[in-house]
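Open the model in your viewer and keep the sequence panel beside it. The stops below say what to select and what is found there.

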Amino acid sequence: MPNPHAGSWTPALILSLVAAGTILSLSMGLRQSLGLFMEPMVRGTGITVATFGFAMAIQNLAWGIGQPFMGALCDRFGGRIVVIIASVLYCAGLYLTATGNTIGLYFGGGLLIGLAVAGTSHGVLVGIVSRLATPAVRATAISILAAVGSLGTFVIAPVAQTMIDGSSWQFSMGGLALLAASMAAVTLLFRRGRGETPATAPSQQVDARRAIAEALANRTFVITTMAFFACGFQLIFIATHLPNFVGICGLPPSVGAQAIALIGICNAVGTLVAGYLCQRWGNRNVLALIYLLRTASIAVFFVLPVSVETTLVFAAAMGFLWLSVVPPVSGLINGLFGACCRMPATHGLTPSADGLGAWRGSRAVSGLS
């Protein structure tokens, strides 16, 4: 009897997983380090805390709203060109943010970076990996992707804080822009799987409106999307305001950077654990447990005195539960709508034409913060 796992970890999957993990790591590390810039920007410019917070809110909305459009570009032109476009948007957004004025912050740090994250995060990259992975290793591959995607925060946050302390916040943001530009080069590692068709047949073209209508008619999809509203609020609030909050409480800025970095490294562990538990307990049970534990962690931190120890313990707990939602949510969405993202022979990454399910599955894992 043939081994069902034989040939699962193909060179195309491994190389594409390395590329996707690197891109996700850079994208999430850059985005989740932006909260470190709130205090120096407020102190050195006319920008207020409310202005900075509103820009980050615009960014999160642009991420969510931009996801289907980035997905449509991926369908049409391939994942490689999507990541390159997003990399350019990231650089432009960071440049405008570094100008230190309100319009630059709203348009650059809010709109452009939000769209850039839409093209370099889970909605596009999970679909790419899912399509190349067989069912036997798909959950593991997605867990590895999400875990590796957390490591960028562990490195980028303390490095950004060191540059802010040693030079200026504008210099630090310029360094982040160079990292954003490097994502375009990483797309050279993307590969296609064997046996995939080079193009989508006209008869198999997906009707986006019909796909969205059918997805919204699915009760499980709607409930999962509503849960992500609370999920995104929790995580973007913490990433944006935790560094400034610990500073208000009298702790040095380095504690905020350490907390963000700790979230990143614990996130890697938590995501792998979540992927393992999903295979044993089921996606729904694990997702419910993650949300319950995350809410309890926030409540406990709220009632305890703020200190270095409580801040770092809270960051570790939240990091463990941060992107651990990705394996169960991806499992639920793939179960409902199927996997996606097929690589053509001619260029980039293009989703398969397996029908509406593939389109919906690729767009559903969006808005993850």
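## Stop 1: a helix pair

In this predicted model, select helix α12, residues 283-303, together with helix α13, residues 308-320. Their axes come within 10 Å and cross at roughly 170 degrees. Angles over 145 degrees count as roughly antiparallel, and α12 and α13 are therefore roughly antiparallel to each other.

Now show side chains where the two helices meet. On the α12 side, pick R294, S297, I298 and F301. On the α13 side, pick T310, T311, F314, A317 and M318. The residues of this contact between α12 and α13 divide into 5 nonpolar, 3 polar and 1 charged.

## Stop 2: T311

Stay in helix α13 and centre on T311. Is T311 buried or exposed? T311 has 0% relative accessibility, so this residue counts as buried.

Which backbone oxygen does the side chain of T311 reach? The partner is the backbone oxygen of S307, at 2.7 Å. Next, display the residues in contact with T311, leaving aside neighbours within four places in sequence: V246, L251, V255, A259, F301 and V306. F301 was also picked at the previous stop, as one of the α12 residues that meet α13.

## Stop 3: V286

Move to V286, which is placed in helix α12. The relative accessibility of V286 is 3%, so V286 counts as buried. Beyond four places in sequence, V286 is in contact with A274, L277, C278, W281 and P328. For a distance check, draw a line from the C-alpha of V286 to that of Y276: the two residues are 10 residues apart in sequence and 10.0 Å apart in space.

## Stop 4: L125

Select helix α6, residues 122-132, and find L125 within it. L125 has a relative accessible area of 0% and is therefore buried. Which residues are in contact with L125, apart from neighbours within four places in sequence? They are A20, I23, L24, T120, L145 and F190. Then add A19, which is 106 residues from L125 in sequence, with the two C-alpha atoms 9.3 Å apart.

## Stop 5: W9

Go to the segment before α1 (11-32), where W9 lies. W9 has a relative accessible area of 37%, so W9 is partly exposed. Outside four places in sequence, W9 is in contact with I14, L17, V137, T140, A141 and I144. Add L132 as well: W9 and L132 are separated by 123 residues in sequence, and by 9.2 Å from C-alpha to C-alpha.

## Stop 6: the whole chain

Zoom out and colour by secondary structure. How many helices and strands does the chain have? The count comes to 15 helices and 0 strands. Of the 369 residues, 53% count as buried. Among contacts in the chain with a separation of 6 or more, 83% are between residues 24 or more positions apart.

## Stop 7: confidence

Finally, colour by pLDDT. The chain has a mean pLDDT of 82, with 85% of its residues at 70 or more. Select residues 1-6: over this stretch the pLDDT is below 50, and the model has 3 contacts for it beyond near neighbours in sequence. Then select residues 341-369, where pLDDT also stays under 50. For residues 341-369 the model has 119 contacts beyond four places in sequence. Where pLDDT is low, predicted coordinates should not be read in detail.

Note on methods:
Residues numbered from 1 in each chain as written. Predicted model: local features only at pLDDT ≥ 70, side-chain atom pairs only at ≥ 80, totals over all residues. Heavy atoms only, no water. Axes fitted to C-alpha atoms, helices over the stretch in contact; angles between N-to-C directions. Helix = DSSP H or I, 4+ residues; strand = E, 2+ residues; numbered from the N terminus. Parallel < 35°, antiparallel > 145°, perpendicular 65-115°, else oblique. Contact = heavy atoms within 4.5 Å. Nonpolar A, V, L, I, M, F, W, Y, C, P; charged D, E, K, R; others polar. pLDDT = per-residue confidence, 0-100. Buried < 20%, exposed > 50% of the residue type's maximum accessible area, 1.4 Å probe, protein only. Polar contact = N/O pair within 3.5 Å; in protein donor to acceptor, adjacent residues only side chain to side chain.
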